Amino acid sequence: MRNIFIAGNWKMHKTSKEAEALVKAIIPASHNADGKKKVMIAPPFTALYVVNTVIKGTNLMLGAQNMGPEEKGAHTGEISIGMLMDVGVSVVILGHSERRHVYQENDELINRKVKLALKHKMEIILCVGETLDERESGATNKVVEEQLKRGLNGVSEEQLSKVTIAYEPVWAIGTGKTATPQDADDTHSFIRDFLSSLYSSALADELVIQYGGSVKPHNAGELMNMSNIDGVLVGGASLIAEDFIKIINYE
Ligand code: PEP
C-alpha cells in the first residue's frame, strides 16, 4: 500500500505574517497526517523560518519551492541546501514547470539539484509534465520519459525512497483546466512502468506519484480515487485554508 502525499505550493505569495496566519489555520487538518498520509506546505523562502517555528511538534512537513545547485559559494541570489535544512525544510520541489519554462531550467540543472538534495538525504518532489503543444502532438509520454530519465540520472535505488514524482501537465497549472482523472491516471501508470524499467517493479510500485494542475476541493476526490494517483501538488487552492483543508480531507 502506497503512502498518500498532499502538498501545497504557495509560490510567490504570502508575507511572513500572512504565512503564519495561513499555516495556523491548516495545522488542525494535518493532525491525522502520519507516515501513511503526509501533508506538506511550501511557503516562499522568506516565510520558512516563521512557519517552521509554528509547525514544530505537528505533523505538517515543511517544503521549499526550489534550491540552488551548489553547496555554497559565490552564487548571488541562490538559496543553498544547508540554508533550507537550517530552517527545518525536509522536502524540496524541483523542476516545477514555472522553473523550467519561465526561468529556463533544463534537465541537466534540475538533475544537479536532485543529486545534491538526495546526497543530503532531503526528500524531493520532482515535477514533470508536457506543454499543450506536446500533448496535442501525442508526445506526452516521450516528454515525461525524457524528463524522468535525465532528472533522475545517477539516482540510486536506495535514494529512490526519498523521491516523489509530481505529474503536472503545464497546460493545467493555474489555468482552471484539469486533466481528466483517467488521462492523469494513464500518464501516472506510464510513469510507474517507465520507472520499473529504470529501477525495479517493486520500487516503482512503492513510489508516490502526485498529480498537479488546478486541483480544487471539488475534483481532489475523483483524482485521488484513481489507482495510480497517490497525492496532489496544489498551487492556487493551497492559499485558501478552507480549500486546502477540504483537499486534505478529500473523499
Ligand atoms: C502548482 O503550482 O504546482 C500547481 C499545480 O498550481 P495550480 O494548482 O494553481 O494549478
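A polar contact is a pair of N or O atoms within 3.5 Å. The exercises below apply this cut-off, among others, to a predicted model.

**Exercise 1. The ligand site**

Task: Establish which residues are closest to the ligand, and find which polar backbone atom is 2.8 Å from a ligand oxygen.

Solution.

Step 1. List the shell. The ligand is surrounded by 14 residues, and the closest are Lys-11, Glu-168, Gly-174, Ser-214 and Gly-235.

Step 2. Sort the shell by class. It holds 4 nonpolar, 8 polar and 2 charged residues.

Step 3. Look for polar contacts from side chains. An N or O atom in the side chain of Lys-11 is 2.8 Å from an oxygen atom of the ligand. For His-96, a side-chain N or O atom is likewise 2.8 Å from a ligand oxygen.

Step 4. Look for polar contacts from the backbone. A polar backbone atom of Ser-214 is 2.8 Å from an oxygen atom of the ligand.

Step 5. Check the cover. On its own the ligand has 290 Å² of accessible area, and the protein covers 98% of this.

**Exercise 2. Two residues with positive phi**

Task: Gln-104 has a positive phi although it is not a glycine, and so has Ser-214. Decide for Gln-104 and for Ser-214 whether the residue is buried or exposed.

Solution.

Step 1. Note the angles. Phi is about 55° at Gln-104 and about 55° at Ser-214.

Step 2. Place the residues. Gln-104 is in the loop that runs between helix H4 (97-101) and helix H5 (107-119). Ser-214 is in the loop between strand S7 (209-212) and helix H10 (217-224).

Step 3. Apply the cut-offs: under 20% relative accessible area is buried, over 50% is exposed. Gln-104 has 59% relative accessibility, so it is exposed. Ser-214 has a relative accessible area of 9%, so it is buried.

**Exercise 3. Asn-219 and helix H10**

Task: Find which backbone nitrogen the side chain of Asn-219 reaches, and which elements the buried residues of H10 pack against.

Solution.

Step 1. Locate the residue. Asn-219 is part of helix H10. Its relative accessibility is 3%, so Asn-219 is buried.

Step 2. Follow the side chain. The side chain of Asn-219 reaches the backbone nitrogen of Lys-216 at 2.7 Å.

Step 3. Add the contacts. Not counting residues up to four places away in sequence, Asn-219 touches Thr-178 and Ser-214. Ser-214 also puts a polar backbone atom 2.8 Å from a ligand oxygen.

Step 4. Widen the view to the helix. Buried in H10 are Asn-219, Ala-220, Gly-221, Leu-223 and Met-224. The buried residues of H10 pack against S1, helix H8 (181-198), S7, S8 and H11.

**Exercise 4. The buried side of helix H11**

Task: Find which residues of helix H11 are buried, and how their directions are spread around the axis.

Solution.

Step 1. List the buried residues of H11 (residues 241-248): Ala-241, Asp-243, Phe-244, Ile-247 and Ile-248.

Step 2. Take the arc. These residues cover only 165° around the axis, and therefore lie on the same side of H11.

Step 3. Recall the helix geometry. An α-helix has 3.6 residues a turn, so residues three or four places apart point the same way.

Step 4. Identify the partners. The buried residues of H11 pack against strand S1 (4-9), helix H1 (16-26), strand S2 (37-42), H10 and strand S8 (231-234).

**Exercise 5. Two buried residues of helix H7**

Task: For Gln-147 and Val-144, find which residues are in contact beyond the neighbours within four places in sequence.

Solution.

Step 1. Place both residues. Gln-147 is in helix H7 (residues 140-151), and Val-144 is in helix H7 as well.

Step 2. Check burial. Gln-147 has 8% relative accessibility and is buried. Val-144 is buried with a relative accessible area of 0%.

Step 3. List the contacts. Gln-147 is in contact with Arg-100, Asp-107, Val-128, Gly-129 and Leu-152, leaving aside neighbours within four places. With the neighbours within four places again left aside, Val-144 is in contact with Val-128, Gly-129, Tyr-167, Thr-187 and Ile-191.

Step 4. Examine Gly-129 and Asp-107. The side chain of Gln-147 reaches the backbone nitrogen of Gly-129 at 2.8 Å. Asp-107 is 40 residues from Gln-147 along the chain, and their C-alpha atoms are separated by 6.4 Å.

Methods. Residues numbered from 1 in each chain as written. Predicted model: local features only at pLDDT ≥ 70, side-chain atom pairs only at ≥ 80, totals over all residues. Heavy atoms only, no water. Near = heavy atom within 4 Å. Polar contact = N/O pair within 3.5 Å; in protein donor to acceptor, adjacent residues only side chain to side chain. Areas by Shrake-Rupley, 256 points an atom, 1.4 Å probe, with all protein chains shown as cover. Nonpolar A, V, L, I, M, F, W, Y, C, P; charged D, E, K, R; others polar. Helix = DSSP H or I, 4+ residues; strand = E, 2+ residues; numbered from the N terminus. Buried < 20%, exposed > 50% of the residue type's maximum accessible area, 1.4 Å probe, protein only. Arc of directions from axis to C-beta. Contact = heavy atoms within 4.5 Å.
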